[in-house]
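Let's walk through this one together, one chain at a time and then the place where the chains meet. Have the structure open and turn it as you read.

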Amino acid sequence: MSEPNAAALDQLGASVSARRRFLRRFLRQRPALYALGFLVLLALGAVFAPWVAPHDPLAQNLDRVLEAPSFDHFFGTDELGRDVASRTLFAARISLLAAFQAVVIALLIGVPPGLVAGLFGGQTDNLIMRITDALMSFPPLILAVAIIAVLGPSLTNAMIAVGILLSPTFLRLMRGTAMAVAQETYVEAARSIGCSQSWIITRHILPNVVSPLFVQISVFAGVAMLAEAGLSFLGLGAQPPDSSWGAMVGRGFRYISHSPSLIVFPGLAIAVTVLAFYVLGDGLRDSLGREVRREQ
Amino acid sequence: MLAFILQRLLALVPLLFIVSLLVFSLVLLIPGDPAYMLAGESATPEEIAEIRSDMGLDDPVLLQYARWTGGVLRGDLGTSLFSDQPVLEVLLERLPVTLSLAFAAILVSLLVSIPAGVIAGTRPGSLADRLVTLGASTGLAIPNFWLGLMLILVFAIWNGWLPATGYVPLTEHPGAWLRHILLPAITLGLSAAAILTRQLRGAMIDVMNQDYIRTARAKGLAWRGVVLKHGLKNAAIPMVTILGLQANYLLGGTVIVEQIFGMPGLGQLAVASVFTRDLPMIQGVVIMAVFVAVFVNLLVDISYGYFNPKVRPQ
């Protein structure tokens with residue numbers, strides 16, 4: 001297949017310099033950089049948890065149950081005498097992975113139909129948007145609970161449910177961008193010289209949607225983490241022996257009057273991590289060019 | 001105005017049709033034999049067969065859908081597999097709890113967000129503004145179940161000022177209702193407050209830069225009057241829309257909040273029904289929740305048309 005190289009190079013050149021501008025603006029966003037640093041550290045801590053954690057997260061010590069934080073156990077011990085700090089670190093693996101899973105599912109469900117709706121318009125668009133509207137009229141957590149009821153309580157099923165809930169936003173974002181870009185003169189030009197639909201999608205539409213998509217991904221990683229925490233808290237997400245931060249809070253609930261530290265620390269971990277995702281998302285949004293930001 | 005309302009009502013027909021399809025198809029999503037799964041692992045073949053014939057699972061899918069929708073339209077949401085009570089009866093028993101929780105949460109969110117948004121939006125960049133913005137971001141990031149537990153810890157366990165769990169109907173004892181609803185409403189309302197605050201702050205900044213504000217100031221009106229009468233009144237219009245969107249989230253949030261505070265509402269019923277595999281009950285909860293959400297959004301749309309004549313159809 002012979003593709004028009006000049007047009008492609010032009011577009012490529014424009015997107016490279018836009019990317020450089022984006023990076024330069026992003027590097028000036030101090031809070032977003034801190035947030036990114038925190039998330040990277042957290043991810044590293046989760047990956048290397050077996051080496052970093054002060055104790056074995058599963059080692060029980062029935063002589064030292066429900067202890068308050070001490071030098072030995074920074075976050076105290078749980079009802080089986082396990083070290084809460086180590087368990088919190090290990091739970092980061094599940095919590096981060098679950099958020100990632102939900103966002104990927106949402107992208108897989110949302111992006112292709114959004115692209116189709118934006119490019120083809122007409123009846124296809126109409127149908128897809130009607131289904132999206134219907135999906136968005138459900139109170140989110142109630143729909144998630146219903147989906148889990150059908151599929152059975154497990155972390156993966158919970159994240160499928162959360163992915164379904166998040167997908168309409170990705171769909172709308174894709175559709176909006178695809179529609180706007182399809183009107184551009186350079187796309188018309190590309191089409192008129194015989195570029196294939198897939199060439200137009202990969203060369204013109206996807207590069208334009210990447211940055212706003214990253215903003216949404218960052219924010220939704222936070223939203224997905226909150227949703228996972230809530231569902232696991234209810235016992236509908238992570239199942240023992242796996243433990244996420246939300247599941248830890250759920251179990252600690254029973255001992256709330258005796259050892260509040262059981263719920264305080266995993267809860268703080270959720271709040272700080274979610275805040276980091278949001279701040280990162282805000283920073284990414286502020287780094288986008290003015291023209292893109294207006295469409296957000 | 002009437003034409004506008006009618007148009008909105010008509011637009012709901014296809015929406016509710018698709019919603020009904022989605023809720024019905026929950027049965028189809030069940031992996032394997034639905035009757036087997038719904039009956040539970042210890043069920044006898046007779047019990048499984050009974051569920052199958054009760055729910056008409058052997059009929060063609062289209063017939064099942066038609067029967068189910070017909071029932072829903074007549075107000076028959078089926079029978080609970082767990083308690084054998086009519087689903088609608090159970091839902092109507094629990095609806096007031098959820099509605100009063102959601103309503104109280106909206107009240108909390110408005111009481112927090114209006115002063116916070118006005119203070120931050122009239123003095124952008126000030127210390128107060130930065131504190132409000134930080135508070136709003138934190139409010140969005142804190143999981144509401146965790147906030148609820150912290151409130152229980154401080155106000156119920158340590159100080160004993162408010163009850164940790166339970167619910168008293170408003171009609172039975174307004175004072176006791178308030179004491180029971182206060183912590184759950186704060187738990188549920190604060191994240192909505194955070195979103196509304198951000199929205200109102202942005203709108204206030206925009207509005208306060210308008211010429212008519214400068215004119216009002218220039219002709220010597222007091223700052224307070226200008227902010228409240230000219231600023232807030234105009235900035236509040238987009239807030240109505242956000243409030244409508246929040247209604248969905250608040251209804252969803254009741255699932256967790258009712259569980260923590262032991263309130264016998266729809267959300268608690270939904271979670272309990274997952275563990276009892278009571279699918280008709282879950283479908284009922286979802287239908288009821290969508291119905292409430294759609295109704296609230298209809299009200300928001302109509303009120304929006306009332307506040308802002310520009311969106312009315314010509």
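Among the elements of chain A, which has the lowest mean pLDDT and which the highest? Keep in mind that this is a predicted model. At the bottom is helix 12 (residues 290-295) of chain A, with a mean pLDDT of 45, and at the top is helix 2 (residues 30-47) of chain A, with 92. For chain A as a whole the mean pLDDT comes to 84, and 92% of its residues reach 70 or more. The weak stretch is residues 291-296 of chain A, where pLDDT stays under 50. The model still has eight contacts beyond four places in sequence for that stretch. Where pLDDT is low, predicted coordinates should not be read in detail.

Now for the overall build of chain A. Its secondary structure comes to twelve helices and zero strands, and its C-alpha trace spans about 80 × 45 × 35 Å along the principal axes. Of its 296 residues, 45% count as buried. If you take the contacts in chain A between residues at least 6 apart in sequence, 70% join residues at least 24 apart.

Helix 4 (residues 84-120) of chain A deserves a stop. With 37 residues at 1.5 Å a residue, this helix should span 54 Å, and because its end C-alpha atoms are 53 Å apart, expectation and model agree. Still, helix 4 of chain A has a kink of about 25 degrees, centred on Ala91(A). Just after the helix comes Gly121(A), which takes a positive phi of about 60 degrees.

On to chain B, which has 13 helices and zero strands. Its C-alpha atoms fill a box of roughly 85 × 60 × 35 Å along the principal axes. Here 39% of the 314 residues count as buried. For contacts in chain B with a separation of 6 or more, residues 24 or more positions apart account for 71%.

Chain B is divided into domain 1 (20-73) and domain 2 (87-311), and the C-alpha centres of these two domains lie 37 Å apart. Where they touch, seven residues of domain 1 of chain B are in contact with five residues of domain 2 of chain B. On the domain 1 side, helix 2 and helix 3 (34-39) of chain B each give two or more residues. That side divides into six nonpolar residues, one polar and no charged.

Val87(B) is a good residue to click on. It lies in helix 6 (residues 87-122) of chain B. Is Val87(B) buried or exposed? Val87(B) counts as buried because it has 26 C-beta neighbours inside 10 Å, and 20 are enough for that label. Leaving aside neighbours within four places in sequence, Val87(B) is in contact with Leu77(B), Gly78(B), Thr79(B) and Ser80(B), and also with Pro280(B), Met281(B) and Gly284(B).

Finally, bring both chains back into view. How many residues of chain B are in contact with chain A? There are 41, and they meet 37 residues of chain A. Several helices of chain B supply at least two residues each to that side, among them helix 1 (2-24), helix 11 (223-260) and helix 13 (279-307). The residues on that side of chain B divide into 34 nonpolar, seven polar and no charged.

How values were computed: Residues are numbered from 1 along each chain as its sequence is written. Chains are lettered from A and ligands numbered from 1 in the order in which they are written. This is a predicted model: local features need pLDDT of at least 70, side-chain atom pairs count only at pLDDT 80 or more; totals for chains, interfaces and linings use all residues. Two residues are in contact if their C-beta atoms, placed from the backbone, lie within 7 Å. Helices (H or I, at least four residues) and strands (E, at least two) are DSSP runs, numbered from the N terminus. Ala, Val, Leu, Ile, Met, Phe, Trp, Tyr, Cys and Pro count as nonpolar, Asp, Glu, Lys and Arg as charged, and the others, Gly among them, as polar. The expected span of a helix is 1.5 Å times one less than its number of residues. The bend at a residue is the angle between axes fitted to the seven residues ending there and the seven starting there. A residue is buried if 20 or more other C-beta atoms lie within 10 Å of its own, exposed if 12 or fewer, and partly exposed in between; C-beta atoms are placed from the backbone. Domain bounds come from an automatic or database domain assignment. pLDDT is the predictor's confidence in each residue, from 0 to 100.
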